[in-house]
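Good morning, everyone, and thank you for making room for this on the agenda. I would like to walk you through one structure, beginning with the whole chain and then turning to a few places in it. Please have a look at it before I go on.

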Amino acid sequence: MIRAAVALIACSISITQAQPSARGTEEESGVRQSAMQAIVDRANATYLTDDERAMFAVEHGVWTDEHLGDPSHMAKAALIVGAYDHPALMNNDANPLDHARGALMRGQPIAALALLENQSTSSPLRRFALRARCFSMLGQIKNAILELEQLEMALETSSINDATELSFGVHGLMHLYTIRPIDANAKTVYTQLNTLIAHGRDTLDQLNPEIRMVEAELLYEHHNRKAAREAAIEVLKRNPKHALATFLVGKIAIDFFSLDEAEMIADRLDLIANFDADDPVPSVLGAQIRARIFLRQRDPIGAERAIDPVLARLPTQRELLALEAAAAAAGFRESSTERLLQAYDELSPNQPDAILLVGLILSEARQYEQAERMLRRAIDLAPYWGTPRLQLGLMLIQSADDTGAKATLEAAIELDPFNLRAQNSLTLVRELMGYETIETEHFIIRFKGGIDRVLAEEMPIKLEQIYARVTGNTPGGTDHEPSVKTRIEIMPTHEFFSVRITGMPSIHTMAASTGPIIAMESPRDSSSAFIGPYDWARVFQHEFTHSANLSRTHNRIIHWMTEANAVYNEDSPRDSRTWTMLLNAFNNDRLFDLEEINEAFVRPKRKGDRSLAYAQGAWMYRFIIEEFGPRKPLEIMDASASGRSPTEAFVESLGIAPDEFMNEFLAWAENILLANGLLLPKDSPFPPISEMLNSDPDNPTPPTKSEIDSLLEQHPAHPQLLRIKFAHMLTSPNPRLDPETIEQVLRFIETSPTDETPHRLLAKHFLASDNHDQRRNAVVHLEYLDAREVHSSAYANQLALLYAHDNKHDLAIAKSLVAIGRSPFNPRYREQGARFALLAGNFELAAHHIEALTKIEPDQSIHTKRLNAIRAKLSKPSDD
């Protein structure tokens, strides 16, 4: 029976091990099998009594029904799986320590204390730790400290030979060090905790799950999430039904926005908690995971719905009550938040947990003033706990208070010197405080110096142009000016940028707005660059739209609308890839409704959902402007900011319900797709391409060139066939086209104005000519392609060369500046920019580019010589 039950471990661990460790899945599997085999061997050891064997099976999550006949075994099983309101945990025949812990987890500290009152000293550390938790939950901190000081003394004077008992000792010390000053150096204390864990893990009992659980919790407390996850997985290898380990993996998944994985873990928690239930109910821990998922998705109503059924059963469960207050805060219901915090305080006087969680949620919602008040309250209530200070420091970074952040993070690290996030963030703040600054009328630019000075000095004029566009009242404008200057921070590496935004060195974008701050990765083309060169002005215009909207709405805005406005305000035509994505979504009925689009940004269900959400959002934004008026998006945002739900905001501003809005939008979208040749009209003489190709819609295969040529013989003007044909032609080694094909491509451009492929074909064709008159014909196609480009400067540079050849110096300079804007540190583009400026007689611009070259390539003395020559020319008095 034991051998069969152990096979369940692989299934349970697979749920929480979606990301294999660096050691590789093969080695990981070997370790898991080793742990399983050791469990089987010990469970079948002849020296165990039947009762010992049954308890061992329970403690390792491999029990069968026959092992649960004893009430104490059933209670232990219920505790392990998180079924804290299971009848067995309220049975007087249960082990009083388990009985008490169950009461504590239900939020009943007085009952737990009564159960612990007359217990023997066979498990003194467990008793001290549990009593201390009870006293803390009741707000009796002095009593909690007395219990934990006895625990501390017992650890110093007694020999602990049981790994589970030792785990409670470590738990107790962790608790003590958050409510009382640490007598020794904090680093020494952390080392001592790890030494105790290592002793229990490696010496006392290598199969014990509880000592590894406390290790995982210690690592998580110090923001070492990767190691914490690995430690939690090690727990699950030794007990696949360990609810707290599963719960911790779920929290880490939420931290990393792996929300689908977190949902699976919530399901797993419900499954194991209902191990013997005839009528399954949501579990305490599963409800907490789901509530946290909803809060991550900015859905406070969903969070409340997740916890309500469990709160109805356990009305004093503290974690659920804290989440209830956090949900109210996420919904910007200030009076409800205060009422719920007051109710929590009546149960647990002067305890920081609920206030801390509310402060964290408000910080994530960019309600910086309210978050700061909450986090400072948490610090006042828990002055010896590093976490509230860490969260305040992180919030102050986002709200542009570097001086306050530095002091707060330094204080956090004094309490918790091994906290990775605090260390990363403090390093960043100290670095930023040494940055150089350029100030404009509406912006403060901060940069490290060195090569980034080149970009920083070129930004002001463009920034002020962007400011006028975004804050103005033309379509897409926010008609609002932020009350303070927006700070722009140019991060020299992707790692610094990531820490700036998240506190950890991993994030997958190149710029982000926190409201008062816009951080940007420097657009360098180097090994340390995550993105490489990009159109910083276009990206900044997107991000500053966020900043202006967050300022206008006090950071209370429908998520998809701020993203839609930002994309709309990039003022750039949609590229072919985006049109194709929208067309496919339309054809397959996969465009989002007004609820789904919000979820797609934070919890995409399919690959590409997030990109589709950006594109569709901007499309709907354009629809609202064109069909309802340019101020209607602002009215919707203002209604949302005033507390209206998204549905109420739409009805109030547009006069139609969301379903009616979507119906009208889809009809409008169909007309747009038809007008751009992306959809065939219903009376089209051409058959749909899906019918001609006879491909499996669930597993389509690209048609071959010969298949397309054969079909074009039957339908020579079929736009969808031509689109595929032209795509095949792009791969041809011969760029030249015959006159008949050129005419065909030009006709296609007229009927399919959104497709880039024909423009690429013609640009290649004309540029391959030795005749400049022919090469000049590439200009219109290069301009089309360049308008849709974000990263490459190739089109702009080629245009500048063509304009310069025709002595169109102003156009050459303009396109050269576009190329340089995307690749500001590219020496070739700078040299050409200087040459074009000299040809135009613009010596000041030429000097600017060459001065930039002296910083980009400081070892090239020729740049200094050229710069001196031009400056000499500029210093000469004119003939006039």
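Let me begin with a question: among contacts in the protein chain between residues at least 6 apart in sequence, what percentage join residues at least 24 apart? The value is 61%, and I should say straight away that it, like everything else I will mention, is computed from a predicted model.

Staying with the whole chain for a moment, you will find 46 helices and five strands in it. Its radius of gyration is 32 Å, which is close to the 29 Å that the globule rule gives for 880 residues, so the chain is as compact as a globular protein of that length. If you draw a box around the C-alpha atoms along the principal axes, that box comes to roughly 100 × 70 × 55 Å. Of the 880 residues in the chain, 55% are buried.

Now to the strands. Five strands form an open sheet with mixed pairing, and their order across the sheet is β1-β2-β3-β5-β4. At the edges sit β1 and β4, the latter covering residues 511-513, and each of these two pairs on one side only. On average, neighbouring strands of the sheet are turned by 15° against each other, if direction is ignored. Helix α25, residues 452-471, packs on this sheet, where it touches β1, β2, β3 and β5 (517-521), and its direction makes about 160° with that of β2.

Within the sheet, let us look at β2, residues 443-447, and at its two partners. With β1, residues 436-439, strand β2 pairs in the antiparallel sense over four bridges, and the two form a hairpin that has three residues between them. In this pair, Ile-438 stands opposite Ile-445 of β2. With β3, residues 486-491, strand β2 runs parallel, and four bridges join them; here Phe-443 stands opposite Thr-486 of β3.

From the sheet, I turn to a pair of helices. How do α19, residues 334-347, and α20, residues 353-364, lie with respect to each other? Their axes come within 9 Å and cross at roughly 155°. Since an angle over 145 degrees counts as roughly antiparallel, α19 is therefore described as roughly antiparallel to α20. On the α19 side the contact is made by Thr-337, Leu-341 and Tyr-344, and on the α20 side by Asp-353, Ala-354, Ile-355 and Val-358. Sorted by class, this contact of α19 with α20 has five nonpolar residues, one polar and one charged.

Finally, a word about two backbone positions. Most residues other than glycine have a negative phi. His-223, however, has a positive phi of about 60° although it is not a glycine, and its place is in the loop between α12 (209-221) and α13 (225-238). Is His-223 buried or exposed? With a relative accessibility of 7%, His-223 counts as buried, because the cut-off for that is under 20%.

The second position is Asp-571, where phi is near 55°, again a positive value in a residue other than glycine. Asp-571 lies in the loop between α28 (559-568) and α29 (576-587), and with a relative accessible area of 44% it is partly exposed.

Key:
Residues numbered from 1 in each chain as written. Predicted model: local features only at pLDDT ≥ 70, side-chain atom pairs only at ≥ 80, totals over all residues. Heavy atoms only, no water. Pairing = 2+ DSSP bridges. Axes fitted to C-alpha atoms, helices over the stretch in contact; angles between N-to-C directions. Contact = heavy atoms within 4.5 Å. Parallel < 35°, antiparallel > 145°, perpendicular 65-115°, else oblique. Nonpolar A, V, L, I, M, F, W, Y, C, P; charged D, E, K, R; others polar. Buried < 20%, exposed > 50% of the residue type's maximum accessible area, 1.4 Å probe, protein only. Rg over C-alpha atoms; globule rule 2.2 N^0.38 Å.
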